Amino acid sequence: MTDDPQMRPNRHGLGRVFNEVPELYDRVRPEYPDELFADLVTVTGMDAGSSVLEVGCGTGQATRSLATLGCSVTAIEPGKEMAALARQRIATFGNVEVETSMFEEWGDRGRRFDVLVAASSWHWVDQSIGWQRAHDVLHPAGWMALLGNVVVRRVGEPEVYAETADLHERFCPGNPDWGHPPLEDDVRTTDEGWGLVEDPGGLFGSTTVRWYPTVQWFDGDGFADHLRSLSLYRRLDRDVREPLLDAIAERIRTRMGDRASRRYLSVLRVGQRTE
């Protein structure tokens, strides 16, 4: 799902936000590094006999990595088109089932799991329901794992928003969500807790937090396509969004040599269910 944790529209509109562009989403969104899943296995003790519940699987990017571990995966996705594409992407795996539902409304039918994974999706869940539900569907001593991609910048490195802030203000002035990504070194200092979601209280123990630097490279048109997959831009009116993204693509071509980076810190946050 989205890597914009500050974006919280009506959750019942979630399927529509991303359901409009499932193939684009699958093509341009960053995946998670193999090292992250290796650490997930190490921390939780997952093996081929483990059962995993994935909340908000999107088009199945993290699902595919979980499936390769050999464990049994039940993946939930509220968007019908996203879920359909996820089923296509994981069709070769016999250990994954994709169910179309919001987590808050999902029928667990008494099933219990060893690990719950949410990859860039937990902020879409109603926290007043989600944390307790996560605790309830896990076996005793089960694990909760939040995966994410935080957009960051480095000092002295060209960054697209810095090069296009005037365009953002021209086409959509005063949007409070416009702004520079945080510095990578500042983000790395936030190595406790569950990130930009509500605290679960005493439902889960202390977290293990790991960071993984990754980067995507795009030409101007590719970067515009990437922005088209983000909730911040998807919720703009089309007659605002498309001229803005066309202008951004042109700026990347003319001022940045038609080569722009999207730098991330992928993050793994894992905590164990309390009794």
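The protein chain in this predicted model is built from eleven helices and seven strands. Its radius of gyration is 19 Å, close to the 19 Å that the globule rule gives for 275 residues, so the chain is as compact as a globular protein of that length. Along the principal axes, the C-alpha trace spans about 55 × 35 × 35 Å.

Next comes the way the chain packs. Of the 275 residues, 57% are buried. Contacts can also be sorted by how far apart the partners sit in sequence. Among contacts between residues at least 6 apart, 77% join residues at least 24 apart.

The interior can be followed through its nonpolar cores. The largest nonpolar core has 28 residues, and L40 and L147 are those with the most contacts inside it. Several elements give two or more residues to this core, including the helices α4 (61–68) and α5 (80–89) and the strands β2 (72–77), β5 (138–151) and β7 (260–272). The element that gives the most is α3, with four residues.

Which residues does L40 touch, leaving aside its neighbours within four places in sequence? L40 is in contact with G45, M46, L66, V117, A145, L268 and V270. Another core, of 21 residues, lies apart from the largest one; L236, A247, I252 and M256 are among its members.

The outside remains. The protein chain exposes about 11900 Å², and carbon and sulfur atoms supply 47% of that area. The chain carries 31 positive and 44 negative charges, and the mean positions of these two sets are 3 Å apart.

Note on methods
Residues are numbered from 1 along each chain as its sequence is written. This is a predicted model: local features need pLDDT of at least 70, side-chain atom pairs count only at pLDDT 80 or more; totals for chains, interfaces and linings use all residues. Side-chain values use heavy atoms; hydrogens and water are left out. The radius of gyration is taken over C-alpha atoms; the globule rule is 2.2 Å times the number of residues to the power 0.38. Buried means under 20% relative accessible area, exposed over 50%, partly exposed in between (1.4 Å probe, protein chains only). Contact means heavy atoms within 4.5 Å. Accessible areas come from the Shrake-Rupley method with a 1.4 Å probe; for residues, only the protein chains shown count as cover. Lys and Arg count as positive and Asp and Glu as negative; His and the chain ends are not counted. The place of a charge is taken as NZ of Lys, CZ of Arg, CG of Asp or CD of Glu. A nonpolar core is a set of buried Ala, Val, Leu, Ile, Met, Phe, Trp, Tyr and Cys residues joined through side-chain atoms within 4.5 Å.
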